[in-house]
Amino acid sequence: VPIANIRNFCIIAHIDHGKSTLADKLLQLTGTIQKREMKEQFLDNMDLERERGITIKLQAARMRYVLESEPYCLNLIDTPGHVDFSYEVSRSLAACEGALLVVDASQGVEAQTLANVYLALENNLEIIPVLNKIDLPGAEPDRVSRDIEEIIGLDCSDAIHCSAKEGIGITDILNAIITRIPPPKDTAGSPLRALIFDSYYDPYKGVIVYFRIVDGTIKKGDRIYFMASGKDYVADEIGVLSPNQLPVNELYSGEVGYISASIRSVADARVGDTITHFRRRAESSLPGYEEARSMVFCGLFPVDADQFPELRDALEKLQLNDAALKFEPESSSAMGFGFRCGFLGLLHMEIVQERLEREYNLTLITTAPSVVYRVNCINGDTIEMLTPKEYIGSLMELGQERRGEFKQMNFITENRASIIYELPLAEMVGDFFDQLKSRSKGYASMEYTFVGYRESELVKLDIHINGEPVEPLATIVHKDKAYAVGRALTQKLKELIPRQMFKLPIQACIGSKVIASESLSAIRKDVLSKCYGGDITRKKKLLKKQAEGKKRMKAIGKVEVPQEAFMAVLRLE
Ligand code: GTP
């Protein structure tokens, strides 16, 4: 189709507001995929994503649609739905001319939606408001429209009412994409500049790069150059996503496609990088490229020390596909050999850990996540919370408890407030989000941005088990909280560590000073003594249970410490 008939768009939505359901309906209605081809939801095609119901990796799909006998090509670029991946979101927005803003008509606008809407506005996207889930009895599309107008200043007089689930309003959405979103600019004659909005590692073809051509054209066999990584390759295969990869010979400005060029690692073709031609290079790269910043760190140790080489191999393989994953070897007398790993955020950390265990069959001990400290300094974050007004009080208490500095509060509508805090990142990596949700009955939402390092009075709290310091249990806390944390942590560890054959002291210390102490009494552990007579299945069950319990134990000296103990510091109440 001519460039005037191309539309590139993405969907902005808060988690659970129905983005994937709507994307599926668009793909079905345009005949891009048949219903029977669909697994649960086509765009979220990693198992892990499906299980968690969230979108992690970006995907794209090209749809054909005819309006008033004109054929159109609509490229949908999916965006990940979690705060940890906001950089990826910003790059996929930059690859589009327009966005559907999907808001659950029974809920309303959430903090994270706002952040993405602002990103879309910065990128000059045409935004089409879509009020989803109008089939729900609790839907209030008019109230939510007013919310959107007040909060974002977006005209909602022709917002589309839809039910992605029931298939209502889908044609209206397709027509709006064509009539309201502008086509790309025709710059096919300029030197090539293509924006990478996703890349993943394929074990057979090497890295597959998804891109949007901003200027110029690209042909199969071209020698291409990545402006940020400085690497060059031959484009072995280029193609479109329909939504499966379909090779073509040439792609022009405005189009979305993929490239395969024997690239070894996604770090060489990172999201945000610009592809140009090796000989006829573009003068400048496209704006917005950023290096990945690790926000959260943790130690990963194999339970079985023999698995260390396998863990290294697995991390290297995952890194081929995840440029944001950082790791370096770490060893400690207590834990043996393992790795210190850096992640974009807590969710990213959990995903990596789960994949290591599931896909690589490793059994790991993870130490509690921590943040970067510089001597006597601490990371600061601003946190914006959006909440119905009745929860303002309890959220401000939460902010205060977590050493936050109150910045400002605005009522964005009569009933909803935005509260901004500057808060140490260390206070947020734990259960801050869970607390926010439980204190607001699930109604509040939040997002955060890194603001820099701050001075603070911190102490290192060591934990001694059986008289020996256990480094992975040590934590950095504010001096005013040291006693309370020390007490709570020793008590929690006493609950979590199984009783041993001997009496076990558990102490919290600052330097050489013991500030809290507990002791675990001895036990003679013989699980089978609980079974009378010969019920063999019950015996087997008990032994199996014990074996499972063992799997996640790490022997530290003579003491078996379970995985939960390493996370105890996050779960103190
Ligand atoms: P993430 O992938 O986590 O960003 O979520 P999402 O925004 O893609 O939401 P998803 O499409 O997975 O929908 C979330 C839930 O809302 C699912 O249980 C859907 O079945 C449901 N849902 C989506 N659209 C509608 C709708 O129009 N009406 C009703 N009643 N439910 C809907």
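**Figure 1. Strand β22 and a nonpolar surface patch.** Strand β22, spanning residues 405-411, contains Phe 406. The model shown here and in the following views is predicted. Phe 406 joins Met 409 and Phe 411 in a nonpolar patch on the surface, and together the three residues have about 270 Å² of accessible area. The relative accessible area of Phe 406 is 35%, so this residue is classed as partly exposed.

**Figure 2. The largest nonpolar core and the surroundings of Leu 93.** The largest nonpolar core comprises 38 residues, and the members touching the most others are Leu 93, Leu 101, Ile 148 and Ile 152. The greatest contribution to this core comes from helix α4 (residues 111-122), which supplies 5 residues. Another core, of 36 residues, lies apart from it and includes Met 295, Leu 311, Phe 343 and Val 352. Beyond its neighbours within four places in sequence, Leu 93 is in contact with Cys 10, Ile 12, Asn 116, Leu 119, Ala 120, Asn 123 and Leu 125.

**Figure 3. Cysteines without disulfides.** Across the whole structure, 0 disulfides are found. For Cys 156, the nearest cysteine sulfur belongs to Cys 162 and is 14 Å away. Cys 156 has a relative accessible area of 7% and is therefore buried. Cys 509 is likewise counted as buried, at 2% relative accessibility.

**Figure 4. The buried salt bridge between Arg 212 and Glu 97.** Among the 21 salt bridges of the structure is the pair formed by Arg 212 and Glu 97, whose closest N and O atoms are 2.9 Å apart. Arg 212 belongs to strand β8 (residues 206-215), whereas Glu 97 occupies the loop between α3 (86-94) and β4 (98-104); the pair links distant parts of the chain, 115 residues apart. Both Arg 212 and Glu 97 are buried.

**Figure 5. The salt bridge between Lys 205 and Glu 237.** In this pair, the closest N and O atoms are separated by 3.4 Å. Lys 205 is located in the loop between β7 (193-202) and β8, and Glu 237 in strand β12 (residues 237-241), so the salt bridge ties together parts that are 32 residues apart in sequence. Lys 205 is partly exposed, with 32% relative accessibility.

**Figure 6. The salt bridge between Glu 250 and Lys 219, and a salt-bridge network.** The closest N and O atoms of Glu 250 and Lys 219 are 3.9 Å apart. Because Glu 250 lies in strand β14 (residues 250-252) and Lys 219 in strand β9 (residues 217-219), the pair ties together parts 31 residues apart in sequence. Glu 250 counts as partly exposed at 26% relative accessibility, as does Lys 219 at 40%. Glu 140, Arg 143 and Asp 147 are joined into one network by salt bridges that share partners.

Methods. Residues are numbered from 1 along each chain as its sequence is written. This is a predicted model: local features need pLDDT of at least 70, side-chain atom pairs count only at pLDDT 80 or more; totals for chains, interfaces and linings use all residues. Side-chain values use heavy atoms; hydrogens and water are left out. A disulfide is a pair of cysteine sulfur atoms within 2.5 Å. Buried means under 20% relative accessible area, exposed over 50%, partly exposed in between (1.4 Å probe, protein chains only). A nonpolar core is a set of buried Ala, Val, Leu, Ile, Met, Phe, Trp, Tyr and Cys residues joined through side-chain atoms within 4.5 Å. Helices (H or I, at least four residues) and strands (E, at least two) are DSSP runs, numbered from the N terminus. Contact means heavy atoms within 4.5 Å. Patches are made of residues with over 30% relative accessible area and no salt bridge: like charges are joined within 9 Å, nonpolar side chains (Val, Leu, Ile, Met, Phe, Trp, Tyr) within 5 Å. Accessible areas come from the Shrake-Rupley method with a 1.4 Å probe; for residues, only the protein chains shown count as cover. A salt bridge is a side-chain nitrogen of Lys or Arg within 4 Å of a carboxyl oxygen of Asp or Glu.
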